[in-house]
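Grab a coffee and open your viewer. Here is a short set of exercises to work through with the model on screen.

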Amino acid sequence: MEYRKLGDEKISVLGLGMGGIQNASDKEIEQVVRKAAENGINYLDLCGGANNVYAPIGNAFADIREKFYVQMHFGAVYNARGDYGWSRDLDEIKRTVDWELKTLRTDYMDFGFLHCVDEDEDFEELVNNGVPDYIRELKKRGVVRHIGFSSHTPSVAQKILDCGDIDMMMFSINPAYDFEKGDDYGKGTVSERFELFRRCEADGVGISVMKPFNAGRLLSAEASPFGKALTKYQCLQYALDRPGVLTTLPGVRGMSDLDELLGFVNASPEERDYSVIGTFSADKIYGNCVYCNHCQPCPAGIDIGLVNKYYDLAKAGDKLAADHYDKLAVKADACLACGHCNSRCPFKADQQRRMSEIAEYFK
């Protein structure tokens, strides 16, 4: 399992989204959580499709709570039948959070999130109702370790980040959304979305990824907005290559989904290679590097995707990007101008020109 750092925390690149596991038995839900921990998964998003998932997760937590970073949502609530819904009412949110912690047999959450803040009005209502202040109060008491939020809208996410206090953002990331081929959740232009990801990395805000498969549509040629299917492993690698991303949170419905997800750990580079999207999204991304490294191997030994990423981050204001670049064993100025990368790039990026530009910038 690969881990990425948020401060001193080490977070697995594979996490679990528990929004679709409510139809599994209590025993299977508990087994899924335990097997995930045994295989190095340590990040769990708890916004269940129904409230019946909390008790079996609590049973699993009885002796492995410390193995997980748990992400919980202030605004996700459940009706009398246990069905998921959402609320901006502070008292209802308090009751729900208290019940969740008790049922999970824990006295803290690692990440307390403002839930589903997609419109300016959503954020204003949460602020006016005192929800962010309540989360800050819980953080002072040690009940919340980190503050975050979930959103699908770059412009709203930017406003929340402007307020400070944010350690983690849950955001929808997949090729369809990023290249304006998605549904109503795929909001923002290509440049707006990529600017948001770069800002998160520059500001030290982690990203946990929801909807990496576009609700399964990207996995089917018939349903995909591109008319061609991708695999789960291609979608996961694509999300993990975006700046700022620490973990992906694909939904699991039971043990078979978990077993398939764990296969990503040992998947080959060829199985993870998503460069095929260059053949059906060129209208939106032509001429840009998306860090896929399909241009490898570079005869000069340059990690072209990583060099491009540090360059983009440095221009976006990440003060550490230049330091990361400086530590690379082979830098852009080693380019042989052989044209190999240009001939292989599915997005028709002029990497040969970019290497010269990047070398000059960091010099």
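The exercises below go from the sheet to the helices and then to the salt bridges, and the model they use is a predicted one.

**Exercise 1. Trace the sheet.**

Task: Find the order of the strands in the open sheet, and say which strands are at its edges.

Solution:
- Step 1: Follow the pairing from strand to strand; 8 strands form the open sheet, in the order S3-S4-S5-S8-S9-S10-S11-S12.
- Step 2: Check the sense of the pairing, which is parallel.
- Step 3: Look for strands that pair on one side only; these edge strands are S3 (16-17) and S12 (245-248).
- Step 4: Zoom in on one pair. Strand S9 (residues 144-151) and strand S10 (residues 168-172) are joined in the parallel sense over 4 bridges, and Gly148 stands opposite Met168 in S10.

**Exercise 2. Look closely at strand S5.**

Task: Which residues of S5 point one way, and which point the other way?

Solution:
- Step 1: Recall the general pattern: in a regular strand, side chains alternate between the two faces of the sheet.
- Step 2: Sort the residues. Tyr69, Gln71 and His73 point one way from S5, while Val70, Met72 and Phe74 point the other way.
- Step 3: Ask about cover. In S5, 6 of its 6 residues are buried, so the strand is mostly covered, buried being under 20% relative accessible area.
- Step 4: Find a neighbour. S4 and S5 pair in the parallel sense over 4 bridges, and Val70 in S5 is the bridge partner of Leu44.

**Exercise 3. Place helices on the strands.**

Task: Which strands does helix H3 touch, and which strands does helix H9 lie across?

Solution:
- Step 1: Start with H3 (residues 90-103), which packs on the sheet and touches strand S5 (69-74) and strand S8 (109-114).
- Step 2: Compare directions: H3 makes about 155 degrees with S5.
- Step 3: Move on to H9 (residues 232-240), which lies across strand S11 (206-210) and S12, running at about 155 degrees to S12.
- Step 4: Turn to H2, where the buried residues are Tyr54, Pro56, Ile57, Gly58, Ala60, Phe61 and Ile64. They pack against H1, strand S4 (43-46), S5, strand S6 (76-78) and H3.

**Exercise 4. Describe two helix pairs.**

Task: At what angle do H6 and H8 pack, and at what angle do H9 and H10 pack?

Solution:
- Step 1: For H6 and helix H8 (residues 190-203), the angle is about 25 degrees and the axes are 9 Å apart.
- Step 2: Put the angle into words. Angles under 35 degrees count as roughly parallel, so H6 is roughly parallel to H8.
- Step 3: Add the handedness: H6 passes H8 in a left-handed crossing.
- Step 4: Pick out the contact. Pro154, Ala157, Gln158, Leu161 and Asp162 in H6 meet Glu192, Arg193, Glu195, Leu196, Arg199 and Cys200 in H8.
- Step 5: Now take H9 and helix H10 (residues 255-262), which pack at about 60 degrees with their axes 10 Å apart. H9 passes H10 in a right-handed crossing.
- Step 6: List the residues in this contact: Lys232, Tyr233 and Leu236 of H9, with Asp257, Glu260 and Leu261 of H10.

**Exercise 5. Sort three salt bridges.**

Task: For the salt bridges Arg34–Glu30, Asp110–Arg65 and Asp120–Lys159, work out where the partners lie and whether they are buried or partly exposed.

Solution:
- Step 1: Arg34 and Glu30 meet at 3.2 Å, N to O. Both lie in helix H1 (residues 26-38), 4 residues apart, or about one turn of the helix. Arg34 is partly exposed at 25% relative accessibility, and Glu30 is partly exposed at 22%.
- Step 2: Asp110 and Arg65 have their closest N and O atoms 3.0 Å apart. Asp110 is in strand S8 and Arg65 is in the loop between helix H2 (54-64) and S5, so the pair ties together parts 45 residues apart in sequence. Asp110 is buried at 6%, and Arg65 is buried at 7%.
- Step 3: Asp120 and Lys159 meet at 3.0 Å, N to O. Asp120 lies in helix H4 (residues 120-128) and Lys159 in helix H6 (residues 154-162), so this bridge ties together parts 39 residues apart in sequence. Asp120 is partly exposed at 27%, as is Lys159 at 42%.
- Step 4: Step back to the whole model. The count comes to 20 salt bridges, and bridges that share partners join Glu30, Arg34 and Asp63 into one network.

How values were computed: Residues numbered from 1 in each chain as written. Predicted model: local features only at pLDDT ≥ 70, side-chain atom pairs only at ≥ 80, totals over all residues. Heavy atoms only, no water. Pairing = 2+ DSSP bridges. Contact = heavy atoms within 4.5 Å. Axes fitted to C-alpha atoms, helices over the stretch in contact; angles between N-to-C directions. Salt bridge = Lys/Arg side-chain N within 4 Å of Asp/Glu carboxyl O. Buried < 20%, exposed > 50% of the residue type's maximum accessible area, 1.4 Å probe, protein only. Parallel < 35°, antiparallel > 145°, perpendicular 65-115°, else oblique. Left-handed = near helix turned anticlockwise from the far one by under 90°.
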